[in-house]
Amino acid sequence: MRRVLIVGGGSAGWMTAAYLNGALNDRGNAPTVKISLIESPDIPRISVGEATVPSIQHVLSVAGLDETEFMKAADATFKQSIRYQNWLHNDQSFYHHPFSRYRIQPIDRTGRAWLNSDRSVPFMETVSAQPVICDMARAPKMLGRWDMGAPLAYAYHMNAQKFADYLRDFSTARGVSHYLENVTDVEMRENGLIKSVRTDRGNVHEADIFVDCTGFRARLIGETLGVGYEDYSRWLMCDQAVVGRIPYDQFYPGLIRPYTTATALSSGWAWDIPMQDQRSVGYVHSSHFISAEEAEREWRAYEGPHAKDIETRLIKFHVGQRQKAWQGNCLAIGLAGGFIEPLESTGLYLSDLGAVMLAEHFPYTDDMLEAMAFRVNRVISNRYFEILDFINMHYCLSRRTDTAFWQEVQKPERITDRLKAKFEYWKLKPPSASDFQDQSFPGGAGQIDRVVPGCDPRSPVDTAGLWNHESYEAIMYGMHFCGEPLAPPSTDAPKTRVMPAIIERLRAAQVKLPPHDMWLQRALGAPSFTSAGYEPPGWASGRARPY
Ligand code: FAD
């Protein structure tokens with residue numbers, strides 16, 4: 001039986017173990033591979049990574065996790081959108097990037113219609129009910145049987161530490177072997193493949209496939225195999241975060257938002273991620289523009305006077321990707337393979353992509369290794385570039401000039417060439433699905449130079465694997481942009497039209513969708529808290545809607 005050894009027991013390691021055990025072993029019922037995981041008892045997990053994207057549901061379902069049990073175990077709440085505040089101007093304005101929107105058939109003219117209208121309603125609110133459902137703080141599920149038509153897409157916010165513990169208990173109960181030991185040495189075979197790892201307990205663990213989930217340490221792929229790291233900091237300038245938690249037993253704001261808030265600050269942005277018993281608030285910033293001490297002060301000022309005694313920690317990170325995620329018989333998953341900052345919650349997504357790719361391209365014999373690695377490296381690397389472009393866009397479309405950071409991130413040299421080419425093209429026509437079938441955009445090279453010795457020389461392509469034209473529309477129109485900043489609407493432009501189906505859905509939502517905190521309490525038995533009567537930043541539940 002083929003042996004897989006996962007080194008590292010953070011979210012990446014345990015997601016990989018649970019997924020492989022589901023996909024290849026029928027959750028322990030019909031084992032075809034032997035899965036083991038070694039986790040250091042001394043090196044803590046990074047324990048951030050609380051916001052997810054909907055693809056996590058695929059992982060949960062293949063692994064065999066029950067949603068209710070998972071949500072209880074990981075203190076999870078629903079996430080239906082990211083609300084961006086103060087990104088265009090520093091003026092309290094905001095827009096949503098929700099997970100659901102209407103897909104109009106047979107031709108979607110909504111983008112063009114909005115651009116030609118008086119834009120009195122934000123674009124996403126013309127095609128999705130979810131921004132307003134979010135601002136009403138409603139759950140995406142009813143307490144009884146769902147009878148509101150198409151379901152609302154959602155992901156989760158959760159306690160990353162508890163999530164990894166839950167996956168550990170679930171996986172070990174279904175046949176995954178677990179060792180609490182430190183890997184100290186790695187022994188190679190003559191053909192350049194890894195043979196075994198040795199631990200501080202004197203044990204030697206042999207395997208056929210090694211998965212490096214050791215986080216930023218990259219103990220196997222980096223330290224042992226010497227696979228280099230491509231640095232993306234010229235496009236994404238943030239490199240550290242001040243992180244703290246605001247417990248509800250002292251500071252419950254009276255509701256639980258069913259979305260992530262991302263608020264632009266002086267030298268980066270702050271996430272606000274609500275869980276069942278606390279909020280996680282992190283200020284992602286660039287050390288080139290603000291010191292850690294100043295960033296901590298800004299974090300406290302942003303959160304409010306109640307934050308003065310909250311403990312914070314500083315997490316440094318390095319944006320980029322491993323030149324090859326898969327080398328020989330070792331695949332890096334999670335932070336060992338790379339990290340594009342947390343703005344769109346892609347950390348856990350990239351771990352789940354790694355696990356899915358390994359299961360689908362599982363090398364049952366050594367002579368499959370090279371072909372599987374070639375394919376998987378291409379797909380994973382493309383996805384990194386897709387994420388890079390998409391996150392890069394949030395920064396470069398800002399028109400803030402109030403700090404040196406915001407002035408810098410808008411400079412042409414801070415924008416990837418491929419994103420520039422997309423923008424050139426979208427001056428001519430709004431984004432549409434087929435834009436992602438052919439990557440040669442006229443008017444720009446459209447490519448990213450990636451000449452890495454020994455690596456696949458083909459230019460990366462954007463397959464819209466994570467974000468398609470609809471997501472681009474959400475951000476671009478939210479930032480009043482379509483290839484170039486939008487000119488003000490003409491004075492005789494027709495009123496912006498909201499689809500009648502959305503107005504109907506919002507009426508139904510008001511009656512049928514319970515407040516998010518009520519759903520959590522009734523469906524999961526989540527604790528209830530007394531409102532501390534304070535308002536966290538940007539809490540105002542929304543703007544007046546003219547429809
Ligand atoms: P870690 O959690 O660091 O785990 C590494 C594991 O390797 C540990 O178990 C450690 O003990 C073990 N280990 C290390 N060395 C050895 C050794 N020699 N022997 C044995 N074991 C060893 N992702 C999201 O999806 N959403 C978010 O909102 C989000 N926010 C983030 C914010 C920040 C500031 C950062 C830095 C990341 C964020 N991420 C987010 C990414 C997310 O945290 C990670 O993708 C995820 O936690 C996976 O981490 P990991 O398991 O790769 O690494």
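Trainee: Which pocket is formed by the space taken by the ligand?

Mentor: A pocket is an open set of points on a 1 Å grid over the protein atoms alone, with protein on both sides within 12 Å along at least five of seven lines. A molecule sits there if more than half of its atoms lie within 2 Å of the grid points. Here, the ligand takes up the space of the largest pocket. Keep in mind that this model is predicted, with local features needing pLDDT of at least 70, side-chain atom pairs pLDDT 80 or more, and totals for chains, interfaces and linings using all residues. Residues are numbered from 1 along each chain as its sequence is written, and side-chain values use heavy atoms, leaving out hydrogens and water.

Trainee: How many residues surround the ligand?

Mentor: Count each residue with a heavy atom within 4 Å of the ligand. That gives 31 residues, and the closest are Ile-43, Val-48, Ala-51, Leu-335 and Leu-348. Helix H1 (11-25) and helix H11 (347-360) each supply at least two residues of this shell; helices are DSSP runs of H or I with at least four residues, and strands are E runs with at least two.

Trainee: Why does the ligand lie between two domains?

Mentor: Domain bounds come from an automatic or database assignment. Domain 1 (2-77 + 158-231 + 320-381) and domain 2 (240-316) both give residues to the shell, so the ligand lies between them.

Trainee: Which backbone atom lies 3.1 Å from a ligand nitrogen?

Mentor: Look for N or O pairs within 3.5 Å. A backbone N or O atom of Ser-40 is that partner. Ligand oxygen atoms also have partners: a polar backbone atom of Leu-335 at 2.9 Å, and a backbone N or O atom of Leu-348 at 2.7 Å.

Trainee: Where is there a cis peptide bond?

Mentor: Between Gln-105 and Pro-106, with omega about -5°. Pro-106 lies in the loop between strand S5 (94-98) and helix H4 (110-116).

How values were computed:
Polar contact = N/O pair within 3.5 Å; in protein donor to acceptor, adjacent residues only side chain to side chain. 1 Å grid on protein atoms, 1.4 Å probe; cavity = no way out; pocket = protein on both sides within 12 Å on 5 of 7 lines; lining within 4 Å.
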